Amino acid sequence: MVKKLFFRLPRKSHMVALKRPSFLLGLFILISSISLALFPDLFAPYDPNVFDYTAIKQPPSALHWFGTDNLGRDTFSRVIWAYSVNMQMALFATIFCLAIGIFVGALVGYYGGVADMIFGRCVDAIITFPFLVLVIAVVAVLGPGLTNMYIAITLVGWVYYARLMRAEIMGQLGNDYAAAGKVMGYSDRRIIFRHLLPNAITPVIVYWMTDMALAILLGSSLGYLGLGAQPPQAEWGVLIAEGRNFITTAWWLSLMPGIAIVLTGLGFSLVGDGITDLMRPRG
Amino acid sequence: MTQSNSALLSVKNLSTSFHVGGQKLRAVDEVSFDLAAGEVLGIVGESGSGKSITLRSIMGLARRYGEVTGEVMWQGENLVTKPEAQMRKIRGKDIAMIFQEPMSSLNPLLTVGVQIKENLVAHTELDKKARHLRAIELLDLVGIPDALRRLNDYPHQFSGGMRQRVMIAIALASSPKLLLADEPTTALDVTIQNQILKLILDLSHELGMSVILVTHDLGVAAQTCDRLAVMYGGKLVEKGSTRDVLRNPLHRYTMGLLQSVPENVEPRTPLFSLPGTPPSLMNLPKGCAFAPRCAHAVDACVETKPPLEGTQHQVACFNPTQPPVGAGGQS
């Protein structure tokens, strides 16, 4: 359904978005990031986990572009290998939130009433806590590790999608085509998922793009705190945490993965902006 | 009341109330009327008089938000108490409805062809090819040129009038016996209004379809309707053939409405307008809802609600402009 939506947009609006250099830049960053994530072995010059005691804490050079760490591991290779973990985070920490949020938000938005009231209280309860604190609490209960981190983020994060989806569906309900679907005798399922949802989903998709950038940031934060990915797995947060002790003598250890985080986040944001433009023009 | 047995649709004592902040608002109050097959009935009244809610109550759309009581008899069944799942089979198939805003009543993301065929999928047994042919036929029927090509167009590629035609095409897809039109021409240009009204009227004659046309425009009602019902404060105040009601209005409110239509007046002369505003549903008067604005109100008007009296031409008024025929002659 969503796919159809993308393909059926008028051609003119595609062109407008594609002409924006920032969107192209974002797309370029994102495609590069995905390639690095899918095929790290093609791009990384060294094995990310092999110690080399002859090259310890070397500054960036032609041999080791991003320098080496205290065990002689090549930082460039580790940052590249971390792409697969961090891009995976961007996807898995958000995709279940997206799916649950769209589903729940569409239903409570459409039916309202008691379900909506219960949902409203749930939202209130969850958003009054700082997001990170709540996720850390859930991870602390479940134990550290990537899978538990995804579970924790999904438990908390779907609320934001559902809230957005609910508001959009309620906005769309004001249009007569929703009532028209009703008077045509269509089922609620058909009205919600075929008529309302495709019209209401754009802001949610855009939010999803930004949220993927935030998920990388969150995943790295948890990794840094030792609650997400576990060493020796190469993950940007873990890499930054490992470099922390040598920040005065080997600055590249923390800076390089930091730049990777910023760059990837930028890519997602620019693409998100581009998609907003792409989907905005109608008529 | 004259043809309660042969009537296609028979509405008896239909009331719809909404609960707002602990208060019960009666938007439709004991409305009764009959509709014969092929007849065009107009319901006229100001904004907030309960016209649209009446239509939505007939369709079963109001009960999700409020309390609907009374009877809507359709082919021997009472639609008010009919379960939602069964109502779905009637909606769009036997009873169709079109709305005021052609701009927003089509889904902007689907082509009109898809939207017409969707109704056919839901209510007919036609196969894919037959549905395609029927969709072309329908667009032809409502006067959209180059139907085959326009099937693949999106709603935003149509003008307002054309969109209303598309809406009518969708509504007619499964050959309904009754069309409920909720101010179908209000959002359109005057010239387009006439075309759409003529279209609805022609289709009604051609297909033998009954129409309930809700409007606040007396001119529109006069052009199209066989019979008129005037609504005020949720109640029917006058009902009769269009000719009788417009030529010979009995209720003071109908009289006022007719006087507010500027006709043959000199330029720059002040126009007649009814004094006061329609009552809020929050505090409807105890007696006749129109009494506070009525220059001819008698004592009884303030205390009791006047019943609808008469045979052919009915009126709910204690002091009508003239006694209704067959109503014991009190005035």
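The pLDDT is the predictor's confidence in each residue, on a scale from 0 to 100. In this predicted model, chain B has a mean pLDDT of 87, and 96% of its residues reach 70 or more. Chain A likewise has a mean pLDDT of 87, with 92% of its residues at 70 or more. For the complex, the predictor reports an ipTM of 0.77 and a pTM of 0.80.

Confidence varies along chain A. The highest value among its elements belongs to α5(A), at 94, and the lowest to helix α1 (residues 2-7), at a mean of 45. Over residues 1-7 of chain A the pLDDT stays under 50, and for this stretch the model has eleven contacts beyond four places in sequence.

Chain A contains 13 helices and zero strands. Its order along the sequence is therefore a run of helices, α-α-α-α-α-α-α-α-α-α-α-α-α, where a helix is a DSSP run of H or I with at least four residues. The C-alpha trace of chain A spans about 75 × 45 × 25 Å along its principal axes. Of the 283 residues in chain A, 51% count as buried. Contacts between residues at least 6 apart in the sequence of chain A join residues at least 24 apart in 71% of cases.

The surface and charges of chain A were examined next. The accessible surface of chain A amounts to about 13,200 Å², and carbon and sulfur atoms account for 71% of this area. Chain A carries 20 positive and 15 negative charges, and the mean positions of the two sets are 13 Å apart.

Chain B has both kinds of element, with eleven helices and eleven strands. Its radius of gyration is 21 Å, close to the 20 Å that the globule rule gives for 331 residues, so chain B is as compact as a globular protein of that length. Along the principal axes, the C-alpha trace of chain B spans about 65 × 50 × 40 Å. Buried residues make up 52% of the 331 in chain B. Of the contacts in chain B with a separation of 6 or more, 63% are between residues 24 or more positions apart.

Chain B exposes about 14,700 Å², of which carbon and sulfur atoms supply 53%. There are 33 positive and 32 negative side chains in chain B, and the centres of these two sets lie 5 Å apart.

Two residues of chain A in the loop between α4 and α5 were considered individually. A:Tyr53 is found in this loop, which runs between α4 (40-43) and α5 (75-111). A:Tyr53 has a relative accessible area of 58% and is therefore exposed, the cut-off being over 50%. In sequence A:Tyr53 is eleven residues from A:His64, and the C-alpha atoms of the two are 14 Å apart in space.

A:Arg73 also has its place in the loop between α4 and α5 of chain A. In contrast to the exposed A:Tyr53, A:Arg73 counts as buried because its relative accessibility is 5%, where the limit is under 20%. A:Arg73 and A:Val50 are 23 residues apart in sequence, with a C-alpha to C-alpha distance of 6.0 Å. A:Val50 is also one of the residues that A:Arg73 touches when residues up to four places away in sequence are not counted. The other contacts of A:Arg73 on this basis are A:Pro48, A:Asn49, A:Phe51, A:Gly67, A:Thr68, A:Arg78, A:Pro232 and A:Glu242.

One of these contacts, A:Pro232, takes part in a cis peptide bond with A:Pro231, with omega at about 10°. A:Pro232 lies in the loop between α11 (202-224) and α12 (236-243) of chain A. Most residues other than glycine have a negative phi, and most peptide bonds are trans.

Positive phi values were found at two residues of chain B, B:Asp146 and B:Arg268. Phi of B:Asp146 is near 60°. B:Asp146 is placed in the loop between α4 (128-141) and α5 (147-150) of chain B, and is partly exposed, with a relative accessible area of 43%. For B:Arg268, which is not a glycine, phi is about 65°. The place of B:Arg268 is in the loop between α10 (252-259) and α11 (299-303) of chain B. B:Arg268 has a relative accessible area of 87% and is exposed.

Definitions and conventions:
Residues are numbered from 1 along each chain as its sequence is written. Chains are lettered from A and ligands numbered from 1 in the order in which they are written. This is a predicted model: local features need pLDDT of at least 70, side-chain atom pairs count only at pLDDT 80 or more; totals for chains, interfaces and linings use all residues. Side-chain values use heavy atoms; hydrogens and water are left out. The radius of gyration is taken over C-alpha atoms; the globule rule is 2.2 Å times the number of residues to the power 0.38. Buried means under 20% relative accessible area, exposed over 50%, partly exposed in between (1.4 Å probe, protein chains only). Contact means heavy atoms within 4.5 Å. Accessible areas come from the Shrake-Rupley method with a 1.4 Å probe; for residues, only the protein chains shown count as cover. Lys and Arg count as positive and Asp and Glu as negative; His and the chain ends are not counted. The place of a charge is taken as NZ of Lys, CZ of Arg, CG of Asp or CD of Glu.
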